[in-house]
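Reader: I am new to this structure. Please take me through one part of it closely, then show me what lies around that part.

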Amino acid sequence: FRSFLYLMIYIPSRMGQLNRRALLRQLQKMGVASRADLAKSLGMSQPTAGKIVDELLAVEVLEETGAVETNGNGSESVMRGRPGRKLRLNQSQSRLLAIQLGLQETTVAGLAFGFAEKDEWHFAFSLGKNEADPAKAWEKQLRAAAQKIGGKDFLGVLVSAPGIVDEDENRVLFSPNLHWTEKSDLAAIVRRVWNVPVLLVQEERALALGHQLANPDCEDFLLVDFGEGVGGAIVVGGKPLANPLPISGEIGHTPVLGNQRQCGCGATGCMETLVSLRGLLESFSLAQSARKTSWAELHQSIASSGIPAWLAQSLDAAAVSIAGALNVLGLRRVIITGSLTELPETVVAHLAQAVQNGSMWAKFGSVECVAAPRRRTAGLVATGLDRLVVPDTQENDFAAPKISRRQLASLKPEN
C-alpha cells in the first residue's frame, strides 16, 4: 500500500518538477522560444509544456515578448487554443539579489531571471583594513546597500563567496584570503538585512555555471580564474563535478618548487602567490628594483617589451598545475577568466602553449585553452532558478555521497 501511495503521489510530483527544470534550462539555452518550440525541443507533449509555461508566467518567472510565431503560410501557430507567442525568462523585474564577496570589495546587484551578457553591479563597498569586527562592519555596509537598492520583492539572495564553501550547509569552511568568513554565519547576516532565503555559492562554481549558460554546447571544461587568488571549477557532462567533500578546483594552492612566498592558506610556495593580482605586481616591482608599480604599468610594459622572463616562469608554473589537472580529469578544454585576460593577448597565448606542452591530450589530439569574460551574475541566476524557483530535493541521488559536519570535523588534524 505504501509503495502504491509513493507511485501515486511522489512520482507525478517528481516528474512535474523535473519537467519544469528541463523547460527552464532549455529556455535559458534558446533565449526566446514559443510553447511549441519548447515542447518540440524537449520531446514533451504540448499540453504539458503549455501547463508549465502558464504556471511560470503566473509567478512571473517567464514573460511573453509580444512576438508571435508564424507558420510557413503566414498564419499564427496555435497551441492549446492560444497564439504561439514568444517566451523568455523575465527580464523586466529584479527577482534575485546577488552579492559578490571579494577580498577588497563587496558588490551588490538586483538580478532578473533573463540572461545578462555582462556583469553589472549596482552598489559597492569596502571594509577598512583594521576592522576589529569585519562581520559586523560588513553587515552595516549591507544595510546601507539595502537602502540604496530599495525594497525589492526578492525571492532570494545569492552570495558568491571565495574559498571552500559547503553549499549544502551554507557555510564557508576555509577562506585563505578572508579568514573572518570562516567564523561568521554569512547567510544569517544577510537574512537579517533581507528576510528571504539566502544561498552561498562558491565563486568559481558561479563563474563556471555562467560560462556554460553563455555557451550551452560547452559541457566539459576546467575553468581557471585569476584575480585576488587563483581558483578553478570543473564541469563534466554539463554539471559541476560532485565530490564527497565540498572541495574541487583549488588549483591555486598547488606548490611550486623554489617558490618561497607565504600564502594566505598557511603554506609556502602556492602557485597563486605568483600569478594572482598581488603576486604579479610583487614580481613586477622586484623586477623594477622594488619600485611600487601599477597594473596599468604592467600592461604597458608587456605591450611594449613582450613577456619578461619572470612572468614567463610564473605562467609556466601555472600551466604545470593546469595541465596536471587536465591529465587527471581527462579534459581537453580550459577556460581562462579574470585578470590575465586583461593583459595583452600574448599572456594567455603563452599560458595556452605551456598547457599544451604538458597535456597528454595534445600528444594525439588538441587542447583548447581560451580566454573568456567573467559571467558571475549569470551563474548566480542559474543557481537561483535551480535551487529557489524549481528546487529538486533529489538532484544528488546519483552524486558522490556527502560528508556530514561531524565526519568533516573528524578529518581535521589534531594539534
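In what order do the five strands of the open sheet that holds strand 15 run, and is the pairing parallel, antiparallel or mixed?

Author: This is a predicted model. The five strands of that open sheet come in the order 14-13-12-15-16. Their pairing is mixed.

Start at the edges. Strand 14 (239-240) is one edge strand, and strand 16 (368-371) is the other. Each of them pairs on one side only. Strand 16 has strand 15 (residues 333-338) as a partner. The two pair in the parallel sense, over four bridges. To see one of these pairings, find I336: its bridge partner in strand 16 is A371.

Now add a helix. Helix 10 (residues 309-329) lies across strand 12, strand 13 and strand 15. Its direction makes about 160° with strand 12.

Strands 12 and 13 also lead to a pocket. Strand 12 (221-226) and strand 13 (230-236) are among the elements that give two or more residues to the lining of the second largest pocket. Strand 13 gives the largest share, three residues. Strand 5, strand 6, helix 4, helix 6 (203-214) and helix 8 also give two or more. The pocket holds about 1,100 Å³ of space. In total, 48 residues line it. Nearest its centre lie G102, L103, Q104, L178 and E228. By class, the lining has 14 nonpolar, 21 polar and 13 charged residues.

Strands 5 and 6 belong to another open sheet of five strands, in the order 7-6-5-8-11. Here too the pairing is mixed. Strand 7 (123-125) and strand 11 (198-202) each have a single partner strand, so one side of each is left without a neighbour in the sheet. On average, neighbouring strands of this sheet are turned by 20° against each other, direction ignored.

Look inside this sheet. Strand 5 (residues 96-101) and strand 6 (residues 106-111) run antiparallel, joined by six bridges. I99 has V108 of strand 6 as its bridge partner. Helix 4 (residues 134-149) lies across strand 5, strand 6 and strand 7. It runs at about 160° to strand 7. Helix 5 (residues 186-193) packs on the sheet as well, touching strand 5, strand 8 (156-161) and strand 11. The direction of helix 5 makes about 140° with that of strand 11.

Last comes helix 8 (residues 277-287), one of the elements in the pocket lining. Its axis and that of helix 9 (residues 295-305) come within 10 Å and cross at roughly 65°. The crossing is left-handed. From helix 8, the contact uses L277, L280, L281 and F284. From helix 9, it uses W295, E297, L298 and S301. These contact residues divide into six nonpolar, one polar and one charged.

Notes
Residues are numbered from 1 along each chain as its sequence is written. This is a predicted model: local features need pLDDT of at least 70, side-chain atom pairs count only at pLDDT 80 or more; totals for chains, interfaces and linings use all residues. Side-chain values use heavy atoms; hydrogens and water are left out. Axes are lines fitted to C-alpha atoms, for helices over the stretch in contact, and angles run from 0 to 180 degrees between N-to-C directions. A crossing is left-handed if the near helix is turned anticlockwise from the far one by less than a right angle, and right-handed if clockwise. Contact means heavy atoms within 4.5 Å. Ala, Val, Leu, Ile, Met, Phe, Trp, Tyr, Cys and Pro count as nonpolar, Asp, Glu, Lys and Arg as charged, and the others, Gly among them, as polar. Two strands pair if DSSP finds at least two bridges between them. On a 1 Å grid over the protein atoms alone, a cavity is a set of points where a 1.4 Å probe fits but cannot get out, and a pocket is an open set with protein on both sides within 12 Å along at least five of seven lines; lining residues have an atom within 4 Å of a point. Grid points are joined across faces, edges and corners, and a volume is the space filled by probe spheres set on the points.
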